[in-house]
Amino acid sequence: MVTATLTWTLLAGYGLFIYRVVQATTPEKVSASEFFQGHSRQGASPGLWLLVASSAISWIFAKSIDNAASLSNTFGITGGIGYSIYYLSFVTAAIVLYLIRTRGGYNSIPEFLVSKYGKLCSRLFLLAIAIRLLNEVWSNTKVFSLYFGAEGSWGYWISACLVTLFTVYYTLLGGLRSSLLTDGAQMILAAVLLVVILVVLGPGLVSQGLPVVDQDTHLAGLTFCGLAFVQIFSYPFHDPVMTDRAFITSPKVMFKGFVLAGLVSGAFIFLFSFVGLYARTFAVEGSPVLAVPALFGLPMLLVFNAIMLTSAGSTLDSTFSSVAKLGARDWSHHHGTPTESQTLKGRWWIVAIAILGNLPLLTIYLGDQIGPAIILATTISGTMVMGLAPIFLLSFIPSAGRLSFHLAFWPGLIFGILRVLESALGSPIFPDWVMLGSGKYAIDLGVNVYGLMLCTAGYLLGALLNQSAFRTRSLVK
């Protein structure tokens, strides 16, 4: 009874803390530029450190914290390193988006895509990232709700609804501006909580040393590291939570901010992976983020609960603000200064994604096969978008156009769908020779490496054919 009371008190305290931040920083009525672009009331762009804090905490998802601990528990130190590699995505995005902004003068990724590849290609891209945003909602809601009760319990559902409704409330008020300012406070809170966790777990790890894994486990961990490295060339571009922030400051500030955000968030995730190392060292059974704090009693459980709430809340408000922009501006290819009518439309999109994004949580009532299969289909999106790597990284090729986009985008999507079917059905689709490395991620690494090569070849072929067609038309004229 005491545990439940303190847990719900913590939730109330978190809500009050964020409410005070919103009350102190967000006016009753924000302008359209504040709502969509995160500008201050005076029209100033966010500063460097606000951009760093917001970008970093927005990528420290509740699910990513859970993943980091689970992977280090499974593979040892290489699991934590592997998951941290994903945060090099900030560097990839910083370089590519800096060039897109400075050489092309574009103010958003959809604007760039329409100019380079056409409106159809832009909308295909937006559909892909819409799936990603949908995934962000339920996956973060699910992780923190487990601290309030078993999956499907009243505590689980009430906490999921309360945090979702509260986050919707303050995002409706201020959009991206509210997201940025609450992110700053949430980053500071998360850093303090991480220090507390490391101070508590540190003595045990120091006395026992890092867990030693066998050769097969080590190789499997290295395979996962390889998978993470391959995906950083496409992964950042299908996450508008990151890329929307690339256009709200000057290109130079963005570049510095993204590199720093990658270092901060990557270091945070690596350090948190020590929770999984602790679980492996002391043979703690169950999910590390639930089982490890249970070893230390109620205070530690509350600390873990708080860090999950903080990371989930920061991701949810960023997701909602990105959906507002996607639905109100990007899909209809609106450019220039945002309008109040677009703000109203964006608010309706926030309400819609809050409802639709949590529907996958209901799959627990659909049976042992259907529910997991539906969730799996939304979580393997990193493989489905492998074709975005050449679409962005090779966009400087003048002759690349619509054909290049399609010959890169669709093979990646097909490979991702086949991987979903393979995992859901439990029967192999890809032959054994596709596997690279060892362990459970060998097939994923192979699919991503060979798939990326195919997508890149398709993109270059499209550019070559387009160039040949242009030369033919010129000769005819």
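These questions and answers cover a predicted model of one protein.

Residues are numbered from 1 along each chain as its sequence is written. Local features need pLDDT of at least 70 and side-chain atom pairs count only at pLDDT 80 or more, while totals for chains, interfaces and linings use all residues, and side-chain values use heavy atoms, with hydrogens and water left out.

User: What is the mean pLDDT of the protein?
Analyst: pLDDT is the predictor's confidence in each residue, from 0 to 100. In this protein, 95% of residues reach 70 or more. The mean pLDDT is 89.

User: Over which residues does pLDDT stay under 50?
Analyst: The model has ten contacts beyond four places in sequence for this stretch. A contact means heavy atoms within 4.5 Å. The stretch with pLDDT under 50 is residues 370-375.

User: How many helices does the protein have?
Analyst: Helices (H or I, at least four residues) and strands (E, at least two) are DSSP runs, numbered from the N terminus. The protein has zero strands. Its helices number 21.

User: What radius of gyration does the protein have?
Analyst: The radius is taken over C-alpha atoms, and the globule rule is 2.2 Å times the number of residues to the power 0.38. With 477 residues, a compact globule would come out near 23 Å. The C-alpha trace spans about 85 × 60 × 45 Å along its principal axes. The protein agrees with the globule value, at 22 Å.

User: What share of the residues is buried?
Analyst: Buried means under 20% relative accessible area, exposed over 50%, and partly exposed in between (1.4 Å probe, protein chains only). The protein has 477 residues. Buried residues make up 56%.

User: Which helix gives the most to the largest nonpolar core?
Analyst: A nonpolar core is a set of buried Ala, Val, Leu, Ile, Met, Phe, Trp, Tyr and Cys residues joined through side-chain atoms within 4.5 Å. The largest one has 128 residues, and Phe272 is among those with the most contacts inside it. One helix, residues 298-330, gives 14 residues to this core. That helix is H15.

User: Which residues does Phe272 contact, leaving aside neighbours within four places in sequence?
Analyst: Ile197 is, like Phe272, among the residues with the most contacts inside the largest core. Ile197 is also one of the contacts of Phe272. The full set is Ile65, Ala69, Leu194, Ile197, Val289, Phe304 and Ile307.

User: Which backbone nitrogen does the side chain of Thr223 reach?
Analyst: Thr223 is found in helix H10, residues 215-231. Thr223 counts as buried because its relative accessibility is 4%. Its contacts include Leu436, Gly437 and Tyr441. At 3.0 Å, its side chain reaches the backbone nitrogen of Ser438.

User: Which side chain makes a polar contact with the side chain of Asn448?
Analyst: A polar contact is a pair of N or O atoms within 3.5 Å; within protein, one must be able to donate a hydrogen and the other to accept it, and residues adjacent in sequence count only if both atoms are side-chain atoms. Asn448 sits in helix H21, residues 442-476, and is buried at 2%. The partner lies in helix H10 and is buried at 6%. At 3.1 Å, the partner of Asn448 is Gln231.

User: Which residues of helix H14 are buried?
Analyst: H14 covers residues 288-296. Cover for its buried residues includes helix H4 (62-75), helix H9 (154-208) and H15. Just after H14, Gly297 takes a positive phi of about 95°. The buried residues are Pro288, Val289, Ala291, Val292 and Pro293.

User: Is Ala283 buried or exposed?
Analyst: Most residues other than glycine have a negative phi. Phi of Ala283 is positive, near 55°. Ala283 lies in the loop between H13 and H14. At 61% relative accessibility, Ala283 counts as exposed.

User: Is His333 buried or exposed?
Analyst: His333 lies in the loop between H15 and helix H16 (340-356). Its phi is positive, near 60°. The relative accessible area is 13%, so His333 is buried.
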